[in-house]
Amino acid sequence: MKEKDRAKKAFWEEITDLVDESNFETTFFNKEENNTYGHFSSVIKEVKDGKTGRSHLVKIRPPLFYLNGLLSNLSRFISSTSSRKILDNDRWRERELEYLESLNPNIESGLTDHDNAILVENIDGRVAYDILREENLEWEKRFKTIIQIAEGLADIHEKDLYHGEPNTQNCIVADDGEIYWIDFEIEYHEDLSLLEKKANDLEQLTLSLMGAFEDEGEIGLTDEELIDLILDSYGDEETISHFLHHANIPLIGPYRIVQLSFTSAPRFYQAQMNLMRYINDWELDI
Ligand SMILES: Nc1ncnc2c1ncn2[C@@H]1O[C@H](COP(=O)(O)OP(=O)(O)OP(=O)(O)O)[C@@H](O)[C@H]1O
Ligand SMILES: [Mg+2]
């Protein structure tokens with residue numbers, strides 16, 4: 001066998017081993033095996049292409065994923081979120097790959113031999129949450145990141161697509177400064193119009209960006225100014241107006257705190273109150 005073919009075979013065998021490893025025991029009893037918040041949610045593993053040396057990630061849904069998905073959807077329901085995690089693996093792979101390919105055409109992604117796993121190129125960079133929380137980061141860099149992320153969501157919406165869960169952990173700021181959105185396994189209720197889906201995305205992103213800061217004013221902006229910055233950068237008036245008119249701000253938030261990557265529960269309640277105040281003032285103004 002040629003060296004190239006051997007490397008290719010080893011690459012695919014390694015993926016099979018990783019998928020097989022994500023069995024009941026490792027996912028349930030060994031937390032370190034899993035770099036996500038729930039120990040039976042998706043497992044992300046790195047695989048290196050022996051030939052090119054390029055790093056890829058395998059995103060695996062372990063055997064207990066279905067249970068995780070059901071609990072996650074129950075929590076979404078309690079939090080009055082009109083979005084649901086896709087439980088069917090075929091549908092999940094279809095949406096995840098379709099979105100990765102259309103939004104990030106320069107990033108390799110594809111199917112594996114396993115219906116509970118997909119492959120995606122490892123993007124060199126860090127999730128937006130980590131960048132925004134970085135100590136000693138200059139204000140300009142922080143503002144620039146917020147602006148880029150909000151513009152990035154507008155780019156998705158301009159293509160008449162939506163994200164489903166645009167939080168600061170699902171957005172990677174690459175080392176070269178580009179923004180990449182990942183994790184497309186959430187769909188909104190099918191009865192929602194595209195405008196409603198976009199407005200829901202904008203609501204989630206606004207709260208998630210606010211939630212990346214420990215306290216109001218931490219970055220030298222009041223929450224009102226921060227919301228202004230996010231909405232100005234996002235730009236699409238129709239969606240902004242729909243969001244502000246119909247925002248659904250449930251105060252029952254245990255799940256939303258995790259889902260939207262809030263630094264803490266107190267910040268969640270502070271951000272929700274300030275967003276509600278912002279909406280009230282906006283309604284009085286128009
Ligand atoms: N292509 C990628 N390049 C670099 N890092 C990635 C990539 N895909 C995922 N990651 C990292 O892995 C983390 C988890 O990935 P992802 O968001 O797709 O799954 P998840 O949040 O575990 O899904 P779930 O909603 O099931 O919990 C991301 O927050 C990010 O840190
Ligand atoms: Mg994620």
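Which residue forms a salt bridge with glutamate 46? In this predicted model, the partner of glutamate 46 is lysine 48, and the closest N and O atoms of the two are 3.6 Å apart. Glutamate 46 itself is partly exposed, with a relative accessible area of 42%. A second salt bridge joins arginine 91 to glutamate 187, with 2.5 Å between the closest N and O atoms. Arginine 91 belongs to helix α4 (residues 89-103) and glutamate 187 to strand β9, so this pair ties together parts that are 96 residues apart in sequence. The relative accessible area of arginine 91 is 29%, which makes this residue partly exposed. Salt bridges with shared partners also join Lys59, Arg61, Glu96, Asp183 and Glu185 into one network.

The count of salt bridges comes to 19. One of them is found within helix α1 (residues 3-21), where lysine 9 and glutamate 13 are four residues apart, about one turn of the helix. Their side chains meet at 3.2 Å, taken from N to O. Both ends of this bridge are partly exposed: lysine 9 has a relative accessible area of 44%, and glutamate 13 has one of 41%.

Attention now turns to the metal site. The magnesium ion (ligand 2) is coordinated at 2.2 Å by Asn170, through OD1, and by Asp183, through OD. Asparagine 170 is placed in the loop between α6 (139-158) and β7 (171-174), while aspartate 183 is in the loop between β8 (179-181) and β9 (186-188), so the two ligating residues tie together parts that are 13 residues apart in sequence. Asparagine 170 and aspartate 183 are both buried. Aspartate 183 thus appears in two settings, as a partner of the magnesium ion and as a member of the salt-bridge network that includes Lys59 and Glu185.

The aromatic residues offer another view of the structure, which holds seven aromatic pairs. In one of these, tyrosine 162 and tyrosine 188 form a tilted pair, with 5.3 Å from centre to centre and 40 degrees between the planes. Tyrosine 162 lies in the loop between α6 and β7 and tyrosine 188 in strand β9, so the pair ties together parts that are 26 residues apart in sequence. Tyrosine 162 is buried, at a relative accessible area of 8%, and tyrosine 188 also counts as buried, at 5%. A further pair is formed by phenylalanine 262 and phenylalanine 268, whose ring centres are 5.1 Å apart; their planes meet at 90 degrees, so the arrangement is edge-to-face. Both of these phenylalanines are buried.

Ring pairs also link Tyr99, Tyr162, Phe184 and Tyr188 into a cluster. Arginine 95 lies over the faces of two of its rings: that of tyrosine 99, at 4.1 Å from the ring centre, and that of tyrosine 162, at 4.6 Å from the ring centre.

Tyrosine 188 appears once more in the surroundings of glutamine 204, a residue of helix α7 (residues 194-211). Leaving aside neighbours within four places in sequence, glutamine 204 is in contact with Tyr188 as well as Gly164, Glu165, Pro166, Gln259 and Leu260. The relative accessible area of glutamine 204 is 2%, so this residue is buried. Helix α7 is also part of what covers the buried residues of α9, together with elements including α8 (223-234) and α11 (265-285). The buried residues in α9 (residues 237-246) include Thr239, Ile240, His242, Phe243 and Leu244.

Among the strands, β2 (residues 55-60) has five of its six residues buried, so the strand is largely enclosed by the rest of the structure. Strand β1 (residues 43-48) pairs with β2 in the antiparallel sense over six bridges, and isoleucine 44 has lysine 59 of β2 as its bridge partner. Lysine 59 is also a member of the salt-bridge network described above. The two strands form a hairpin with six residues between them, and glycine 53 in the turn has a positive phi of about 75 degrees. Strand β2 also runs antiparallel to β5 (residues 117-121), to which five bridges join it. In this pairing, leucine 57 stands opposite valine 120 of β5.

Technical notes. Residues numbered from 1 in each chain as written. Chains lettered and ligands numbered in written order. Predicted model: local features only at pLDDT ≥ 70, side-chain atom pairs only at ≥ 80, totals over all residues. Heavy atoms only, no water. Donors = N, O, S within 2.8 Å, 3.2 Å for Na, K, Ca; no water. Buried < 20%, exposed > 50% of the residue type's maximum accessible area, 1.4 Å probe, protein only. Contact = heavy atoms within 4.5 Å. Salt bridge = Lys/Arg side-chain N within 4 Å of Asp/Glu carboxyl O. Phe/Tyr/Trp six-rings, centres within 6.5 Å; stacked < 30°, edge-to-face > 60°. Lys NZ or Arg CZ within 6 Å of the ring centre and 35° of its normal. Pairing = 2+ DSSP bridges.
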